[in-house]
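User: I am new to this structure and would like to learn how to read its features one at a time. Please begin with the general idea in each case and then turn to the example.

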Amino acid sequence: MRAGRFGIWMATEGADVTLLDLSPTAIEVGLKRAHASGVEVRGIAADASSLGMLGTAEFDLVFACAALHHTMKYPGAVEELARIMKPGARLILCETWGGNPLLNTARKVHAAMIGEAAEQGEEIIMSHTELKALAPYCSDVQVETRNLLAMAKRLLRGRFENSWARSLVRALEGIDKVLLTLASPLNNWCGEAVITARRK
């Protein structure tokens, strides 16, 4: 949920927003941010595989950032996602993309080095295989991959206040644009993706 920042932005644009996260602390932070931004949102701390407090066909849009790959491991989570969406509702996901075997290996090595808990769900990285779980419920599934060389931005976390770091990322994004245009098969090797779909 990133403590609700995208949902709060949508609320400032007039949307009726519900924040959902497994962590009550994240919901509390999201609600405080909403209040500070002068908007009201609903906040629910719940397991994504059990959303009985949300109505069937309640939402016109579901947006998740780096979230679905964590929740897909729970039985019933995709079904609950589909249940709360209205027919024709839009699904927008910003996710880690798993088409690059070198990057996937690096992710596993990094997780092992920092002692990341298996329950964090990092073994589930979005790819066309995982997206098949949406097929019974969603149509028009589109994947727009991003960041090939620009995935190096993750090595610069905590340094973006420096102009050189921002300039380096912009340069890598520019190189990516050229590379991915000239060699379109490399798109599947990108590290992130924006995934859109429509509820059947």
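Analyst: A residue is called exposed when its relative accessible area is over 50%, buried when it is under 20%, and partly exposed in between. The model shown here is predicted. Met 113 has a relative accessibility of 67%, so Met 113 counts as exposed. This residue is found in helix α5.

User: Which residues make a nonpolar surface patch with Met 113?

Analyst: Val 109 and Ile 114 join Met 113 in that patch, and its area is about 320 Å².

User: How many residues of helix α4 are buried?

Analyst: The same cut-off of under 20% applies to each residue in turn. Helix α4 spans residues 77-84, and 6 of its 8 residues are buried, which leaves the helix mostly covered. The buried residues are Ala 77, Val 78, Glu 80, Leu 81, Ala 82 and Ile 84.

User: Against which elements do the buried residues of α4 pack?

Analyst: They pack against β3, α3 (68-71), β4 and β6.

User: How should I read a salt bridge, and how many does a search of the whole structure find?

Analyst: The criterion is a side-chain nitrogen of Lys or Arg within 4 Å of a carboxyl oxygen of Asp or Glu. The search finds 8 salt bridges. One of them joins Glu 58 and Arg 42, whose closest N and O atoms are 2.6 Å apart. This pair links distant parts of the chain: Arg 42 belongs to strand β2, while Glu 58 is in the loop between β2 (42-45) and β3 (59-65), 16 residues apart. Glu 58 has a relative accessible area of 30% and is therefore partly exposed. Arg 42, at 33%, is likewise partly exposed.

User: What parts does the salt bridge between Asp 140 and Arg 90 tie together?

Analyst: The side chains of Asp 140 and Arg 90 meet at 4.0 Å, N to O. Asp 140 lies in strand β5 (residues 138-146) and Arg 90 in strand β4, so the bridge ties together parts that are 50 residues apart in sequence. Asp 140 is partly exposed, with a relative accessible area of 43%, and Arg 90 is partly exposed at 24%.

User: Which residues are linked in a network of salt bridges?

Analyst: The network consists of Lys 153, Arg 154 and Glu 192. Within it, Lys 153 and Glu 192 have their closest N and O atoms 2.9 Å apart. Lys 153 is in the loop between β5 and α7 (163-182), whereas Glu 192 is in strand β6 (residues 192-199), and the two are 39 residues apart. With 21% relative accessibility, Lys 153 counts as partly exposed. Glu 192 is buried, because its relative accessible area is 17%.

User: How many disulfides does a search of the whole structure find?

Analyst: Two cysteine sulfur atoms must lie within 2.5 Å of each other to count as a disulfide. The search finds 0 disulfides. For Cys 94, the nearest cysteine sulfur is that of Cys 65, 5.0 Å away, and Cys 94 is in no disulfide. Cys 94 is partly exposed, at 24% relative accessibility.

User: Why does Cys 190 form no bond with the closest cysteine sulfur?

Analyst: The closest cysteine sulfur belongs to Cys 94, and it is 14 Å from the sulfur of Cys 190, which is too far for a bond. Cys 190 has a relative accessible area of 0% and is therefore buried.

User: Where is Asn 100 placed, and is this residue buried or exposed?

Analyst: Asn 100 is in the loop between β4 (85-96) and α5 (101-113). Its relative accessibility is 9%, so Asn 100 counts as buried. The side chain of Asn 100 reaches two backbone nitrogens: that of Leu 102 at 3.0 Å and that of Leu 103 at 3.1 Å. Leaving aside residues up to four places away in sequence, Asn 100 touches Asn 188 and Trp 189.

User: What does the side chain of Ser 37 reach?

Analyst: It reaches the backbone oxygen of Arg 33 at 2.9 Å. Ser 37 is found in the loop between α2 (24-36) and β2. At 40% relative accessibility, Ser 37 is partly exposed.

Note on methods
Residues numbered from 1 in each chain as written. Predicted model: local features only at pLDDT ≥ 70, side-chain atom pairs only at ≥ 80, totals over all residues. Heavy atoms only, no water. Helix = DSSP H or I, 4+ residues; strand = E, 2+ residues; numbered from the N terminus. Buried < 20%, exposed > 50% of the residue type's maximum accessible area, 1.4 Å probe, protein only. Polar contact = N/O pair within 3.5 Å; in protein donor to acceptor, adjacent residues only side chain to side chain. Contact = heavy atoms within 4.5 Å. Patch = residues over 30% accessible without salt bridge, like charges linked within 9 Å, V, L, I, M, F, W, Y side chains within 5 Å. Areas by Shrake-Rupley, 256 points an atom, 1.4 Å probe, with all protein chains shown as cover.
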